[in-house]
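These notebook entries record what I looked up, one topic at a time. The structure is shown first.

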Amino acid sequence: MRGASTGIVYGGLKYQARCIADVKADTDHTSFLAGTLSLKEENEVHLIRLSPPGSELVCEGLFYHPNEIWDLKSCPFNPRIFSTVFTFGETYGASVWQIPELNGQSNAPQLEQLVSLNEHTFKIKCVLWWPSGKYDKLISIDEGNLFLWSIDASNKMAKVISQESVGMLHNLSGGAWDPHDRNAVAGICDSSLEFWDLRTMKKTSSIEQAHARDVEYNPKKQHLLVTAEDVSGIRLWDLRRPKFPVKELPGHAHWTWVIRHNPEYNELILSAGTDSTVNLWLAHPPGADDSISESPVDSPKRPKDSLLNSYTDYEDSVYGLAWSTREPSVFASLSYDGRVVVESVKSYIRK
Amino acid sequence: MDEKAKRTRELLASFYSTDPSAGGGAGVGSAASPRKMASPDSINSPSFDPDVYMSLLVQKLNLEGLLQKHVEMAAEIKNLDTDLQMLVYENYNKFINATDTIKRMKNNIVGMEANMEQLLAKITSVQSKSDLVNTSLFEKREHIEKLHRTRNLLRKVQFIYDLPTRLAKCIKAEAYADAVRFFIGSKPIFEAYGDSSFQDCKRASEEAIDLVIKNLQAKIYSDSEPIEARAEAVVLLKQLNFPVDSLKTKLLEKLEDYLMTLQDEHKETGASALDTLETSEPSDIGKLSDTILSLKTPTGTHMVSVGEVSKIIRAYLIIFPDSERRLIELIQELFTKRYGIIERRVKERMTSADILKMIRVIWEDVTLMDEVLAEAALPAFSLEAARSIIRQFISTSFSHLLLEVSEALTKSQPMPKKGSEESSLQNALEDSKKVVIQGSLDLLSEFRQLLDDNLELLAKLRDLIVDWVQEGFQGFFQKLDERFLALCGRGYIANPDPSVIDAIQVDKVQTGLVLVLAQLSVFIEQIAIPKIMEEIAASFSGGGARGYEHGPAFVPGEICRIFRSAGERFLLLYINMKTQKISILLKKRFTTPNWIKHKEPREVHMFVDLLLQELEAVGIEVRQILPQGLVRRHRHSDSTGSTNSSRSNPTREDKLTRTNTQRVRSQFLESHLAKLFEQKMEIFTKVQYTQESVISTIIKFCLKSLQEFVRLQTFNRSGFQQIQLDIEFLKNPLKEFVDDDAAIDFLLKEVIGAAHERCLDPIPLEAPILDKLISTKISKSREENQSSSLA
């Protein structure tokens, strides 16, 4: 739109939107799923595909979704399955959907609801798939509980395996599933990060003083994770010493809303915030070098942790962010006004 | 003429000897030698070959030349002939003279023989007479000689017999040297005949000598005796084969004891000085100077004692030349202990004047000692000691300053009462500023005293001191930065090792302190560093003991950079902390009620009061610390409290109402379009170090947060109206804080817009109801204010 924008813009979303997800299981195309957030209109899920030369975003499918979508995750092993969390007024729900066979027509066929995760008594926050492969379990998090589901897609059955309540004092708002350990999950509480072991459903540890909005495990290195926080920006943590963050990055001018590691180059971190920007950071995880021991006095001399680029061509807060697993140099961002922008970070990847 | 004389000489030489170089003397020889090697054309060389010469001439010259040469040669030959003739004549004359002389000599010799014979007869008669006299006197002479020998012997015996009395006399007169000489003189006799004839005599004199020895020993031990006398006594004792070494060790032990007491004295004075230092309040300057004075007096007394020691040592050196090593050890030990005392004292806070005084006192002693005992290498030793003392002094000074700065910062932390809160931050800032600049300058002047002092010892350390001071400042400011971070609970950034991090928790940090730190960092960067840099350049330039490739130790640019970024960081941290606090407030406000079942708004929600209170608190803190911006806020000064003027912007109101009635979809598009055409509001501008900038940044952040919180909720009509009411109420008070009307309006509109979007049934409150509710709220808060001010 303005300036020297390098991004490819998809303007197909007609309403406001918060959620975008990479279709991980689609090995043939670079595609994303985006869901809208409209209170009064019929909401849509768009299957967006990057055309092979990488110059255009095409709407591959448009599906009506009954309610406004607050969370959307794609199934990591089946390109046609995804999950949403939705509300309407006081009602809320979470479902796993299957995209119907597209027979050349893209004019809004009905989504097929595989299962509905309807055991929740609080407002549902998010649904988590295990990110590292085929695993028939799901985690759903509402404000007070953590559910582990067993999903049987063929029989359209979902069964609660275990459940853990965090108590009335805490307020869960999100979480992440450890890609290195099927039994470890992190949950965002009011002012801390809590960690559970799914086998016992007991808390294993916690990071205090973390007002996190988003959390993600490092996809390559175990024990490392990154949080996006309202005030402290971006902080990198090592779970083995949770008292203090390993690193701090300034984050955004306002809240840092979402944070994503590049699936291939884990030192590249993408963050999006309510200051209508997307920032690309280079932050070497600790242990890879000895840079932690250096004092900040030296930091200007070492170009290691730095803001590589700031994408500012957004009109509104950016809540949705997704790297493409198929093309790790490509990411999609979704601002509140419903604009999907796909950018390439090829020039920032170390050769 | 010269040439002629030379020629004559040469000719003579050739006449008297065949070899001209051997006979001709030095002058001729040197002249002749080149001729030997002369080319064939030189006519005077012995190897002259006429044929060669002839052919050479013919070759070289033309006819005219040859003719000329011929004339020359003819003249030359003629000359030579006359010379030869002259020589012959001269020789002949000489020969004739010689013959005449010989003839005369022959005549004189005749007649001498008779005289000689007469002389011989006379000498013979003299000899016979002398023999006669000799034989007649021989006997008498023998007798005289014998008598003389006997007399000598008798005199010696007399001496021996007299020896005891003589010795006694000597003892009385304290002429021990004579006594010893006499005794030693008579010693061989005593050894030979002591057992027989001179027994009594020997005993008596030995007794006397024992007395002498005793006296001499006493003399050595007595300090009042002049050194020369004592040294002499030792020499005498040595002559008497007395075991001097045991004496020496005894004396040295005595000296050692003496030194020990001296040291104890020092220790005591040092300790007492320390005691007084400890007991006296640091602020009590009068007392402190007393301490210094009292320091001086013992040094006065010990000056005497060190002088004595030096005298003693000098004496001992003379007395026992081989005792040097032990003495050196003793003295070095003494000074090590004394420097040790200073070193211990340096760990306390003290002025460089004190240090200088102490070092000077010791240095005087050292020079005194050095005169006596140069081999002890005391100056080098002192240099080493002074080096470590001064280094320690500089580093402790800096760590004290660091402590003072953090004290000044934290002193005012516990805020006792509301009333004093107003100025406490300002006080903290002013105090810490003063401490930083004044403390640094004081340190510099202290250090300059070190440099300016003309003490030889310190002059050698000059370069090192300059380097240390520069290093000290560099380290000081780096540490200060770390300390600041630690005070904010961010110590882990500077120091990732969790074991050393202060236990300051992030949530316990006073926000005011962060603001003070921000402003202090700016102050350090802009005022303190340049000033210190000037001072350093003025009096601490040079140095360079650490090599020029490293550059100067103090790099103001780097420090400035550190503090510039630190200032920005602290300012941002302050804003972040404040916004977080407000954010929590807002979060509670928006997550607690059920917005979908919200009841109709009856009054402005109380969270706005809390919000305004927070902002007011921010304002109080900010006004104490930060300067006012350039833009003055005169526009609102007259519109305080009037609600109608700003709220009743009819166009905006109309627009809002109109859009409400339209379909949501088109509303979305419209707002989208409106945004496109509207100037994009720059909300997140760079923060400046002004009151306005900080407050407006915080307010902007809060409003943005408000918008984000609204977006996360779903409202019914009443909920939307409540938001509308609260926001509408906030409009004026917020503008009291901030100058940037446009941004506030924009953000407030955004909030209402967000609520509008998230509302199931967005019908706004009627303007009259809105006005009424707001004015109720205002009058209510006014009443509260009045009642609180009355109470």
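**Entry 1: a strand pair and its sheet**

I began with strand E27 of chain A, which is joined by 5 bridges to strand E28 (residues 330-335) of chain A, the two running antiparallel. The model I am reading is a predicted one. Within this pair I looked up one position and found A:Leu321 opposite A:Ser333 in E28(A).

I then asked in what order the strands of this open sheet follow one another. I noted 4 strands of chain A in the order E1-E29-E28-E27, with antiparallel pairing. The edges are strand E1 (8-10) and strand E27 (318-323) of chain A, each of which pairs on one side only. From one strand to the next, I recorded an average twist of 20°. As a general reminder, I noted that the strands of a sheet pair through backbone hydrogen bonds, either parallel or antiparallel.

**Entry 2: positive phi values**

I next turned to residues other than glycine with a positive phi, and took A:Met201 and A:His223 as my entries.

For A:Met201, phi is near 60°. I located A:Met201 in the loop of chain A between strand E17 (192-197) and strand E18 (202-208). Is A:Met201 buried or exposed? Its relative accessibility is 4%, and the limit for a buried residue is under 20%, so I entered A:Met201 as buried.

For A:His223, phi is near 75°. I found A:His223 in the loop of chain A between strand E19 (212-217) and strand E20 (224-229). The relative accessible area of A:His223 is 30%, which lies between the 20% and 50% limits, and I therefore entered A:His223 as partly exposed.

**Entry 3: cysteines**

How many disulfides does the structure hold over all chains? I recorded 0. I also looked up two cysteines by their accessibility. A:Cys189 has a relative accessibility of 2% and counts as buried. B:Cys759, at 0% relative accessibility, counts as buried as well.

**Entry 4: confidence in chain A**

Finally, I checked the predictor's confidence for chain A. The mean pLDDT of chain A is 82, and 90% of its residues reach 70 or more. Which residues of chain A have a pLDDT below 50? I noted the stretch 288-303, which has 20 contacts in the model beyond near neighbours in sequence. Where pLDDT is low, the predicted coordinates should not be read in detail. I therefore leave the contacts of residues 288-303 of chain A as a count, without further reading.

Terms used:
Residues numbered from 1 in each chain as written. Chains lettered and ligands numbered in written order. Predicted model: local features only at pLDDT ≥ 70, side-chain atom pairs only at ≥ 80, totals over all residues. Heavy atoms only, no water. Disulfide = S-S within 2.5 Å. Buried < 20%, exposed > 50% of the residue type's maximum accessible area, 1.4 Å probe, protein only. Pairing = 2+ DSSP bridges. Axes fitted to C-alpha atoms, helices over the stretch in contact; angles between N-to-C directions. pLDDT = per-residue confidence, 0-100. Contact = heavy atoms within 4.5 Å.
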